[in-house]
Amino acid sequence: VLLIVNVASKCAFTYQYEDLQKLYEKYKNDGFMVLGFPSNEFLEQEPGTNEDIKTFCRVNYGVTFDMFSKITLNGNETIPLYVYLKNNAKGIFGTKSIKWNFTKFLINNKGEVIKRYGSSTKPFDIENDILELLK
């Protein structure tokens, strides 16, 4: 079971790293993973190098879940994973594009996109949905 999140270090939602890490630690032995995908797409809130980002997350939030290289979320250079996610879980009003940092996608153990959550949805607000998939 995966929770895939586009992240940024200088965002008002950056504090969510703490709870993402707590959720990961709580359920990682049950088959749950958090995958972080940094993006500098929104107001350049992720300007650092990939190494800078990993260091920031580790030092400030104790992040041990997988953090990937910076990606593009919208437009012609969108990575295939995010094309898949957006096609299978549309946002508000049926939009496909990612609107902001810390949009979250919950994926079951068959690789199916179960739900998309907006930036303001806190990680522990998703806990019951995660538990349902881990059963």
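Visitor: Does Ser119 count as buried or exposed, and at what relative accessibility?

Guide: This is a predicted model, so every value here is computed from it. Buried means under 20% relative accessible area. Ser119 has 10% relative accessibility, so Ser119 counts as buried.

Visitor: Where does Ser119 lie?

Guide: In a loop. That loop runs between β5 (113-117) and α4 (127-134).

Visitor: Which residues is Ser119 in contact with, leaving aside neighbours within four places in sequence?

Guide: Phe13 and Gln16 are two of them. The others are Trp100, Asn101, Phe102, Thr103 and Lys104.

Visitor: Take Lys104 next. What is the place of Lys104, and is this residue buried or exposed?

Guide: Lys104 is in strand β4, residues 104-107. The relative accessibility of Lys104 is 0%, so Lys104 counts as buried.

Visitor: Which residues does Lys104 touch, not counting those up to four places away in sequence?

Guide: Read the list in sequence order. Lys104 touches Leu3, Ile4, Val5 and Gln16. Lys104 also touches Lys115, Arg116, Tyr117, Gly118, Ser119, Thr121, Pro123 and Ile126.

Visitor: How many residues apart along the chain are Lys104 and Val7, and what separates their C-alpha atoms?

Guide: They are 97 residues apart along the chain. Their C-alpha atoms are separated by 9.4 Å.

Visitor: Now the helices. How are two packed helices described?

Guide: By the angle between their axes and the distance between the axes. Here, take helix α1 (residues 16-27) and helix α2 (residues 50-61). Their axes come within 10 Å and cross at roughly 80 degrees. That makes α1 roughly perpendicular to α2, because angles of 65 to 115 degrees count as roughly perpendicular.

Visitor: Which residues of α1 and α2 meet?

Guide: From α1 come Tyr17, Glu18 and Gln21. They meet Phe56, Cys57 and Tyr61 of α2. By class, this contact has 4 nonpolar, 1 polar and 1 charged residues.

Visitor: What does α2 reach from its first C-alpha to its last, and what follows just after α2?

Guide: α2 has 12 residues and reaches 16 Å, close to the 16 Å expected at 1.5 Å a residue. Just after α2, Gly62 takes a positive phi of about 65 degrees.

Visitor: Which residues other than glycine have a positive phi in the loop between β2 and α2?

Guide: Leu43 and Glu44 are examples. Leu43 has a positive phi of about 55 degrees although it is not a glycine. Phi of Glu44 is near 50 degrees, also a positive value. Leu43 lies in the loop between β2 (33-38) and α2, and Glu44 lies in that loop too.

Visitor: Are Leu43 and Glu44 buried or exposed?

Guide: Exposed means over 50%. Leu43 is at 67% relative accessibility, so Leu43 counts as exposed. Glu44, at 60%, counts as exposed too.

Visitor: Last, the interior. How many residues has the largest nonpolar core, and which have the most contacts inside it?

Guide: The largest nonpolar core has 23 residues. Leu3, Tyr17, Phe32, Phe65 and Met67 have the most contacts inside it. β1 (2-7), α1 and α2 each give two or more residues to this core. α1 gives the most, with 5 residues.

Visitor: Which residues does Met67 touch, not counting those up to four places away in sequence?

Guide: Met67 touches Val7, Tyr17, Gly36 and Pro38, along with Ile53, Lys54 and Cys57.

Visitor: How many residues are in the second, separate core?

Guide: That core has 13 residues, including Leu35, Phe37, Ile98 and Ile107.

Methods:
Residues are numbered from 1 along each chain as its sequence is written. This is a predicted model: local features need pLDDT of at least 70, side-chain atom pairs count only at pLDDT 80 or more; totals for chains, interfaces and linings use all residues. Side-chain values use heavy atoms; hydrogens and water are left out. Axes are lines fitted to C-alpha atoms, for helices over the stretch in contact, and angles run from 0 to 180 degrees between N-to-C directions. Helices (H or I, at least four residues) and strands (E, at least two) are DSSP runs, numbered from the N terminus. Angles under 35 degrees count as roughly parallel, over 145 as roughly antiparallel, 65 to 115 as roughly perpendicular and the rest as oblique. Contact means heavy atoms within 4.5 Å. Ala, Val, Leu, Ile, Met, Phe, Trp, Tyr, Cys and Pro count as nonpolar, Asp, Glu, Lys and Arg as charged, and the others, Gly among them, as polar. A nonpolar core is a set of buried Ala, Val, Leu, Ile, Met, Phe, Trp, Tyr and Cys residues joined through side-chain atoms within 4.5 Å. Buried means under 20% relative accessible area, exposed over 50%, partly exposed in between (1.4 Å probe, protein chains only). The expected span of a helix is 1.5 Å times one less than its number of residues.
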